[in-house]
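This report considers cysteines, helix packing and one strand residue in turn. The sequence and the structure come first.

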Amino acid sequence: MSVDHLHELLGLPAVDFQSGPDGGPRPAADAAAWRVSIDAYEDEGTWEEEFNAFLDEVDPAGVRALIIGQWGESYEEKSSYPIGLVIAAADRLTSLEAVFVGDLTMEEAEISWIEQSDVTALLAAFPALLELGVRGGSELVFPATKHERLRALTIEAGGLPREVVRGVLDSELPSLERLELWLGVSAYGGDADVSDLATLLSGTRFPALHHLGLRNSEIENEIAAAVASAPLVARLRTLDLSCGTLGDEGAASLLEGQPLTHLDVLDLHHHFLTEAMELRVTGALEPHGVRVDLSERCEPWDNRGPAGRYVTVSE
């Protein structure tokens, strides 16, 4: 299954920037999340040329949200190329509060083909940034960093390297409210295990965190078991363990662990629970006002049981 283009960022609707008079009427600079991209197969110009046109035709001082789409042959050119250009324009992008790097669909590049880089360079260049999103784990670098204002961090990957997970969780992000990590599968570089999440789950990091997504993982049952006793969970409002290989064993761990009745939302969509376990989960939580998402019940491939379970996005 592929991922879609972003529909919004920072609560603003995503709008494709098109240079020149053929682009038609545009919203105000601060009223959209601007996607700058090129078609690697049809466009003759470069991403740099398109980005420069964007800076000339849309008031850069008003831009609040920027989406970096396809920047060329993304499986050959690392994201350091567009990131460097954005950073070079930091003195013009004075209102920038959100950046998403790598908004590509499967038709443009498999998620495992997107060549990332050290995305923390954006945090260093934009101290007022509130949201950072990344798609693709290949070549992704995220050394431990410090940022006072970042409120939301999302990393979508078919396989998220252990060093990236550790770098994120060793970072000082006192304002972080929302963290979403797509851990993926080992076949595509997702080599983090539950022990790598210990600092996060202990509740000693990210004092403002209230939404946690540990998604798209082949070890979703082990994650559920760890979450069941994690001190962090008591202050969460939303817990998202969706899009992975969660089965009855993981759901049972959640029910047998600490109470989850304080949550607003428990998102388990794309799962491998039996109908009986679905009823147990909803029966335990929905009477307390928890909204439980158990949509997309999946069947293992080839009737192989737990070995046939699969995540939503891998390659």
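The model is predicted, and the account begins with its cysteines. Cys298 is buried, with a relative accessible area of 11%. The sulfur of Cys298 lies 9.0 Å from the closest cysteine sulfur, which belongs to Cys243, and this is too far for a bond, because a disulfide requires a pair of cysteine sulfur atoms within 2.5 Å. Cys243 likewise counts as buried, at 9% relative accessibility, and Cys243 takes part in no disulfide, the nearest cysteine sulfur being that of Cys298. A search of the whole structure finds 0 disulfides.

The relative accessibilities of these two cysteines, and of a strand residue discussed at the end, are set out below.

| Residue | Relative accessibility | Class |
|---|---|---|
| Cys243 | 9% | buried |
| Cys298 | 11% | buried |
| Arg178 | 38% | partly exposed |

The next topic is the packing of helices. Helix H2 spans residues 80–88, and within this helix Pro82, Ile83, Leu85 and Val86 are buried. Viewed down the axis of H2, the buried residues fall within an arc of 160°, so they line one face of the helix. As general background, an α-helix has 3.6 residues a turn, so residues three or four places apart point the same way. The partners against which the buried residues of H2 pack are two helices and two strands, namely helix H1 (47–57), helix H3 (120–125), strand E4 (65–68) and strand E5 (98–101).

A further pair of helices can be described by the angle and the distance between their axes. The axes of helix H7 (residues 248–256) and helix H8 (residues 275–285) come within 10 Å and cross at roughly 20°; H7 and H8 are therefore roughly parallel to each other, since angles under 35 degrees count as such. The crossing in which H7 passes H8 is left-handed. On the H7 side the residues that meet H8 are Asp248, Ala251, Ala252 and Leu255, and their counterparts in H8 are Met277, Arg280, Val281 and Ala284.

The last topic is a residue in a strand. Arg178 is found in strand E8, which covers residues 178–184, and at 38% relative accessibility Arg178 counts as partly exposed. When neighbours within four places in sequence are left aside, Arg178 is in contact with Arg151, Ala152 and Leu153, and also with Leu209, His210 and His211. Between Arg178 and Leu236 the separation is 58 residues in sequence, while in space their C-alpha atoms are 9.8 Å apart.

Conventions. Residues numbered from 1 in each chain as written. Predicted model: local features only at pLDDT ≥ 70, side-chain atom pairs only at ≥ 80, totals over all residues. Heavy atoms only, no water. Buried < 20%, exposed > 50% of the residue type's maximum accessible area, 1.4 Å probe, protein only. Helix = DSSP H or I, 4+ residues; strand = E, 2+ residues; numbered from the N terminus. Arc of directions from axis to C-beta. Contact = heavy atoms within 4.5 Å. Axes fitted to C-alpha atoms, helices over the stretch in contact; angles between N-to-C directions. Parallel < 35°, antiparallel > 145°, perpendicular 65-115°, else oblique. Left-handed = near helix turned anticlockwise from the far one by under 90°.
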